[in-house]
Amino acid sequence: MLRPIARTLGLADAIHLLRRTTHAFSWTHTKAFVGKNSDTVVDILLMNATANPKPVPPTWVNAGFKTWWKLPAADQQKVVDEVYKRVYEENYELKRWWMEEMTKDNLSIREKMTLFWHGHFTTKFAIDDPMHAALMYRQNTLFRNLCLGNFRELLEKICIDGAMLFFLNGKDSTKNAPNENFSRELLELYTTGIGHYTEDDVKEGARVFTGWKVNIFTDEWKQYPIFQPFLNSDEHDFNSKAYLGQIISGDASSKTETLALQEIKTLINTILLKKSVVVSEFICEKLFRFFVYSKPQAEDEALIKILAKTFRDNNWEIKPVVSQLLKSDLFFSDAVRGVQIKTPAETIVGITKHFDVKGDWKEWVMVTMGQELLNPPNVAGWPGYRKWADTRTFPFAVQQMGYFIWNQSNPQMITWAGQFDEKENSGRLIEQILQLFFAKSPTVAQKEKYKKELLGGNPDYEWPNMFKNSEVGGFRLKLLMISLVKSPDFHLC
Amino acid sequence: MNRRKFIKYSSATAAFSAGFNLGKIPVWAKTLDLDHPDDNVLVIIQMFGGNDALNTVIPADNDLYYSKFRKTLNIPKSKALKLSNTNSYLNPALKNGKNDGMFGLFKNGNLAVIQGVGYPNPNLSHFRSTDIWLSGITPANDSERLESGWLGRYFDKVNEVSEHPDCMNIGSSSSLLFSTGTADVGISVENPNDFYERGKDLLSGEGFLTGSGAYVDERNFLLDLSIQSNKYSKVVKNAFDSGKNTTEYAKGKLSDELKLVSRLISGGLKTKVYLLSIDGFDTHAGQGTTDGKHAGLLSEISNAVSYFMADLKTQNLSKNVLGMTVSEFGRRPNQNDSNGTDHGAAGVMFMFGEDVNGKVYGKALDFNNLDKNKDFVYQYDYRSVYDEVLSKWLGSDGNTTNQILGKRFESIEGGILVKRSSILLSNEKPIQSLIYPNPTVDGRILLKTHLEPRETLTVNQVDSLGRKYAVFQNIQMGSGQTEIPVQLIGKPGTHILEVLKADKKETVRVIWL
């Protein structure tokens, strides 16, 4: 059931909650939650989503591109090359910037929710058109600001979001022969799911979205603020449209942006009104997969319906749904512990919180593992679940994490172990490390196995001496961690 | 599949050939576990995004194409490549590559162009329609879950644990195509050297859990992945090291990947199906015509496929390989105003290989027969192709095909594959006698040869020193394509088998490792 639970959290409960709602945490963070009431700590995680310091924007977020088409033909290529160089360099910087935010955003659900919306309203920067990183930044900021906000508002804004106008061709869609790309995905992927609309709805919706542009140039369209969407009224279809059985009335005599914006609001309202049940269930199932288990069971359908009702009853506010889910007996039940295959973000941001990994190495590892931030595989986002692990990505992740750890100095490992209690007691140390990194509380056999790895054949009573000699102790800790990342339990959460 | 098939064969032959001394069937033959008694390989290229069939195979004789539907986004007739005496034309980008690319394959009779392929009530979602194509199931409604692939179901049914992976994704993650519903008959490989390096030190020493529940399922899934990676990384690396490429390839991801496939086949990997994918066909905007995005993608395929087939031919492996392309849908007949095309319905499939009856199938796309969404109507069900591939190429019997696809599908225009190349087929045309496996590790082989009715057969073995041993003398084995188990005499090394029939003599070389 999805009953409120409100009880005191033990260590395993606290770790479970942190694993599912944040990307990175230390032993010290877990201790902050132990002994507290579950409702209280969920509220802390939700509150910190707005209370934690806001990220500092990258330097280029207001720096537009130069236009090239007015230059003499011979000079154009140079500017085009510069533009694409910036597209790649700055979007790559933005990926690293976001990974930093994931690492820094402690005891807060903000970055997990931001990633959830990025995966939902997927946009890729790596497309043919020059996707200015400032557009990706603005979209990312939209998701962050509204991560627990109102879904209706999110939908209205995403329809004319600059990065989205680029990605799903909105900026190229005109009244003469509208581009159906965004109109289709709005229904299929963002709101109702397949099977709840007709091809005519897709075509009519496409007419509503015609004519919207976004300015990415410093020396063009100066009447429009840079990186803000605007309407080219000549290209917008102002006639009435029939959408999901509702008339979205137009007015061909008064061709204003306000009117076109009103059409979008009416369209979104039509979806949320006419398809309220399917939309709420579609989104809540996705949240369920994200926070609880990626493979909902038959009996979970009823729970998703409860969440969906909360969503509708709260006028599409997201926070009450997430709150209800995380405060439930289901979320804390044993049946859902350790059942999620970690996302590359969880794996890599998680481990690099603990171990120092320089430059863009960790970002590169995430790409090969199949989760390149700001560049999901396609418009449906990341499929997740078992798609995260195959014979290519799993061995790669294990190898790279081994290298991460191997690259630490031995004294660094001793410093790292400083977060744990009773470090000189090998049994206690192993228990804490396994608690922190394994999906479930370790078994007796696992504790024995990994204690042997730590001690390397030495008796228990030698560990305090080994630990005091940072070269020896640090080296043993490295071997332990390299062994740990091979275990399936390391890759579940 | 193999052990079971072999036993079936052995008893059938024994009963069939009265003239054959039963005692001559070695005992081991009844338990011989050949990985795959035939070497047929299927290569599937998935064109993700929905390929614009209309600009791939062009109805250039139809004025509506130029005057109404594709006013600017068209391939001029002067540039399109006429496909023999039909009124269908190939996009000129498909002439790129070795020996005139895919167009060259067509001219040589090695490319089938199947027009208007689709299924009833087309779904215009990339993801749903991709799942429909990969699962080989056309669902009754949108909520029916599609959880297994047609090849996943097939290999789940027919195969036993093999030393070689049955199926392989090159350069992408696991695919529904290879899913049995609960497990995967395919592995994913990108670079065999990396795979080997990563796989060899992957075992954690942790054991499988018994019991049930999501945690047990997921943990066992991951543990199994590390064990499979460890095991198959060695096999794949071995094949990679013993295989070779004989031509240069064009640049590009698909070319690199087909180059790898060729090398793995050349190195003796017994994987039956390779899946490769090429993304970018979702050309809603800026699609281009004879140049540009779409032409570039077609060119990439034509380059990759033509060098691949040339490479295999040089190595005498091309007759073992059948290729096919799939894409979730074609695009709308009419272009949009962003110089692109939106999601449509019926598409085009290519099949290539020496066993393909290379010609144009189906009629050119018909603008006068559009469905209620104003999309092209399909002429052929995609599962007709699957049925033929299963039955003729992968050795599926009728019952099995029926179970995999839910029913049987009639072959398209009498069939796209010229003949069944499976070793078990009896009505195959006489060809050079063949040996499986070759090399052999234990001297146990199957000799596959064609016999006329009442033709007698004599087989001699000649070792590396020229010594001749009689294996069979003047036996009768019935007629048609026949397999005969042989235990080589002597020691490992290179041996020659002399196959003597009524009026001809063949020699076949076999390597005993």
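In this predicted model, the buried residues of helix α10 of chain A pack against four elements of that chain: α9 (181-191), β3 (241-243), β4 (246-248) and α11 (257-274). Helix α10(A) itself spans residues 199-208, and 7 of its 10 residues are buried, which leaves the helix mostly covered. The buried positions are A:D201, A:V202, A:E204, A:G205, A:A206, A:R207 and A:V208.

Further along chain A are two helix pairs. Two packed helices are described by the angle between their axes and the distance between the axes. Helices α13 (residues 300-313) and α14 (residues 319-326) of chain A pack at an angle of about 150°, and their axes are 8 Å apart. That angle makes α13(A) roughly antiparallel to α14(A), since angles over 145 degrees fall in that class. The crossing of α13(A) past α14(A) is right-handed. On the α13(A) side, A:L307, A:T310 and A:F311 take part, and they meet A:P320, A:V321, A:Q324 and A:L325 of α14(A). Sorted by class, the residues of this contact comprise 5 nonpolar and 2 polar, with no charged residues.

The second pair consists of α16 (residues 344-354) and α17 (residues 361-369) of chain A, which pack at an angle of about 160° with axes 9 Å apart. Helix α16(A) is therefore roughly antiparallel to α17(A). Here, too, the pass of α16(A) by α17(A) is a right-handed crossing. A:P344, A:A345, A:I348 and A:T352 form the α16(A) side of the contact, while A:K362, A:V365, A:M366 and A:M369 form the α17(A) side. The classes in the contact of α16(A) with α17(A) are 6 nonpolar, 1 polar and 1 charged.

The next topic is the place where the two chains meet. The contact draws 44 residues from chain A and 44 residues from chain B. On the side of chain A that touches chain B, α9 and α18 (393-406) of chain A each supply at least two residues. The largest share on that side comes from α18(A), with 6 residues. Helix α9(A) thus appears in two settings: buried residues of α10(A) pack against α9(A), and α9(A) also supplies residues to the side of chain A that touches chain B. By class, that side of chain A holds 15 nonpolar, 14 polar and 15 charged residues.

Chain B contains 11 helices and 19 strands. Of its 513 residues, 52% count as buried. Among contacts in chain B between residues at least 6 apart in sequence, 71% join residues at least 24 apart.

One of the sheets in chain B is open and has 3 strands, in the order β2-β4-β3, with antiparallel pairing. Strands β2 (57-58) and β3 (81-82) of chain B stand at the edges with a single partner strand each, so one side of each has no neighbour in the sheet. Strand β3(B) is joined by 2 bridges to β4 (residues 89-90) of chain B, and the two run antiparallel. In this pairing B:L81 stands opposite B:L90 of β4(B).

Strand β14 (residues 444-451) of chain B is largely enclosed by the rest of the structure, because 6 of its 8 residues are buried. Strand β13 (residues 434-436) of chain B pairs with β14(B) in the antiparallel sense over 3 bridges, and B:L434 stands opposite B:K448 of β14(B). Strand β14(B) also pairs with β17 (residues 480-487) of chain B, in the antiparallel sense and over 8 bridges. There B:L447 stands opposite B:I484 of β17(B).

A single residue of chain B can close the walk through the model. B:L151 is found in helix α5 (residues 150-158) of chain B. The residue counts as buried because it has 31 C-beta neighbours inside 10 Å, where 20 or more are needed. Leaving aside residues up to four places away in sequence, B:L151 touches B:C167, B:L177, B:F178 and B:V273. B:F281 lies 130 residues from B:L151 along the chain, and the C-alpha atoms of these two residues are separated by 24 Å.

Methods: Residues are numbered from 1 along each chain as its sequence is written. Chains are lettered from A and ligands numbered from 1 in the order in which they are written. This is a predicted model: local features need pLDDT of at least 70, side-chain atom pairs count only at pLDDT 80 or more; totals for chains, interfaces and linings use all residues. Two strands pair if DSSP finds at least two bridges between them. A residue is buried if 20 or more other C-beta atoms lie within 10 Å of its own, exposed if 12 or fewer, and partly exposed in between; C-beta atoms are placed from the backbone. Two residues are in contact if their C-beta atoms, placed from the backbone, lie within 7 Å. Axes are lines fitted to C-alpha atoms, for helices over the stretch in contact, and angles run from 0 to 180 degrees between N-to-C directions. Angles under 35 degrees count as roughly parallel, over 145 as roughly antiparallel, 65 to 115 as roughly perpendicular and the rest as oblique. A crossing is left-handed if the near helix is turned anticlockwise from the far one by less than a right angle, and right-handed if clockwise. Ala, Val, Leu, Ile, Met, Phe, Trp, Tyr, Cys and Pro count as nonpolar, Asp, Glu, Lys and Arg as charged, and the others, Gly among them, as polar.
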